[in-house]
Amino acid sequence: MPPGLADSFAVLPGLFWLLLPIAAASGWWLARHAAQQEEAQEDRQSNYVKGLNYLLADQPDQALEILTQLTDAHREAVDSQLVLGRLFRRRGETDRAIYVHHKLLNRPDLSDAQRQRALLELGEDYTCAGLLDRAEELFQQLLDSPVQHEYETAEYHVTALHKLIAVYEQGKDWQQAIAHCDRLEQMTGQVYRTQAAQYCCELAQTAYTHQQPDSALHYLNEALRRNAHCTRANLLRARLATDQGDDHTALQALYAIEWQNPLLLHEALAALTECHARLGTSHALLDWLQGAYERYGLSWLASHLAQQLAREHGSTAALNFISKVLHDQPSFMGLRTWLELHSREQPTTDDITPLLLRSSRQLLDASARYRCNQCGFTSKVLHWQCPSCKRWETLYPLSDLTCRTPP
Ligand SMILES: [Zn+2]
């Protein structure tokens, strides 16, 4: 053994006795630290459960106090606070949601991603509270903030842009909404033609209401340039043409709806009937209705065809037609048409026909006429933007009476 090494071993027993208390102290400290951590974890879980219980017991103030303290002390609870703020917002308690997100943003130790999420949530709180200026400013700030990697689009930029467009929708700032739809298309490469065309229609509708037909037509053409399937644009174009006494142009716009979206022909039927009546070409409408019913088989088309048959060829022909339809495809709408035609054709003194007619009218008048194909929202009138899910052009006419969900 080399002499140096032998000397080292010689001093080991002394060193051992010196290190022994240090090792014992370290062990004690580690054990104590682990115990403290365990205790803190138990406290945290206990407070978390307590906060949730307060929420479930509908005591949001107490829940807020406990759950925000939890977040103050522990970084990993940031997600919990984000959920808490969202929960308050969904309950309509935007003041509390704003408080939670502000408190979160005051933390100096948030990561960039956590700060961006908190800012997006806060912007949404402002939107829900109707503080649109603040929401706009916040989302614009997020959009202007630099991305981490220049070669990729930051996800929060896209989210901020979507939310900013929702702010402009709520404020009915359609020009800004269109401009930011274009920006979204550039950013994502996806096309947002339906909603951009609807914004143009909103501008056209405003111009029409203010008796500015040229401006209205300009926006309608823009709507169709952006979305060739925009039925709303053609419905309004037809109304503009009718106002100017140009029924031929109105008919062109109305018939175009069949290739745009046949389900929305429902909205064109009254205008089609009026235009043809003024032009003295109702027989042409009858031919088209017969073809359309063969193509789509919709009960509201059958009812309209029966009414047109009655005008052109009398009630008997119409009754024969609607009776056959009812046999093949029973519907309340068909039944009401049959009762209307029957009472016109054979006025009776009995009580039952007027009673049935009145009942069927009341049932249909009380039932929803349109349903959103995205969220199931039902309505008696057509909304171009669903009031529930806020999507555009998702409400369609129902084919028949629907039972409304009891309150
Ligand atoms: Zn909806």
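**Two glutamates, one helix face and a surface patch**

The side chains of glutamate 121 and arginine 86 are joined by a polar contact of 2.9 Å. The model in which this pair appears is predicted. Glutamate 121 sits in helix 5, which covers residues 112–128. Its relative accessible area is 10%, and because the limit for a buried residue is under 20%, glutamate 121 counts as buried. Apart from neighbours within four places in sequence, the residues in contact with glutamate 121 are Leu82, Arg86, Arg89 and His101.

A second glutamate can be read in the same manner. Glutamate 93 belongs to the loop that runs between helix 3 (78–90) and helix 4 (94–105). Is glutamate 93 buried or exposed? With a relative accessibility of 16%, glutamate 93 is classed as buried. Its side chain makes a polar contact of 2.2 Å with the side chain of arginine 96. Once neighbours within four places in sequence are set aside, glutamate 93 is in contact with Pro60 and Phe88.

Helix 13, residues 269–279, gives a view of burial along a helix. Leu269, Leu272, Thr273, Cys275 and His276 are buried there. Why do the buried residues of helix 13 line one face of the helix? Viewed down the helix axis, they fall within an arc of 170 degrees, so one face of helix 13 is lined by them. The cover over these buried residues includes helix 11 (231–243) and helix 12 (247–260), on the earlier side in numbering, as well as helix 14 (282–296) and helix 15 (299–313). Just after helix 13 comes glycine 280, whose phi is positive, at about 70 degrees.

The surface offers another kind of grouping. Phe332, Leu335 and Leu363 make up a nonpolar patch there, and their accessible area together is about 240 Å². One of these residues, phenylalanine 332, is part of helix 17, which spans residues 332–345. Phenylalanine 332 has a relative accessible area of 35% and is therefore partly exposed, a class that lies between the buried limit of 20% and the exposed limit of 50%.

These local features belong to a protein with 18 helices and three strands. The protein has 407 residues, of which 42% count as buried. Where contacts link residues at least 6 apart in sequence, 51% of them join residues at least 24 apart. The area exposed by the protein is about 22900 Å², and 53% of it is supplied by carbon and sulfur atoms.

Methods. Residues numbered from 1 in each chain as written. Predicted model: local features only at pLDDT ≥ 70, side-chain atom pairs only at ≥ 80, totals over all residues. Heavy atoms only, no water. Patch = residues over 30% accessible without salt bridge, like charges linked within 9 Å, V, L, I, M, F, W, Y side chains within 5 Å. Areas by Shrake-Rupley, 256 points an atom, 1.4 Å probe, with all protein chains shown as cover. Salt bridge = Lys/Arg side-chain N within 4 Å of Asp/Glu carboxyl O. Helix = DSSP H or I, 4+ residues; strand = E, 2+ residues; numbered from the N terminus. Buried < 20%, exposed > 50% of the residue type's maximum accessible area, 1.4 Å probe, protein only. Arc of directions from axis to C-beta. Contact = heavy atoms within 4.5 Å. Polar contact = N/O pair within 3.5 Å; in protein donor to acceptor, adjacent residues only side chain to side chain.
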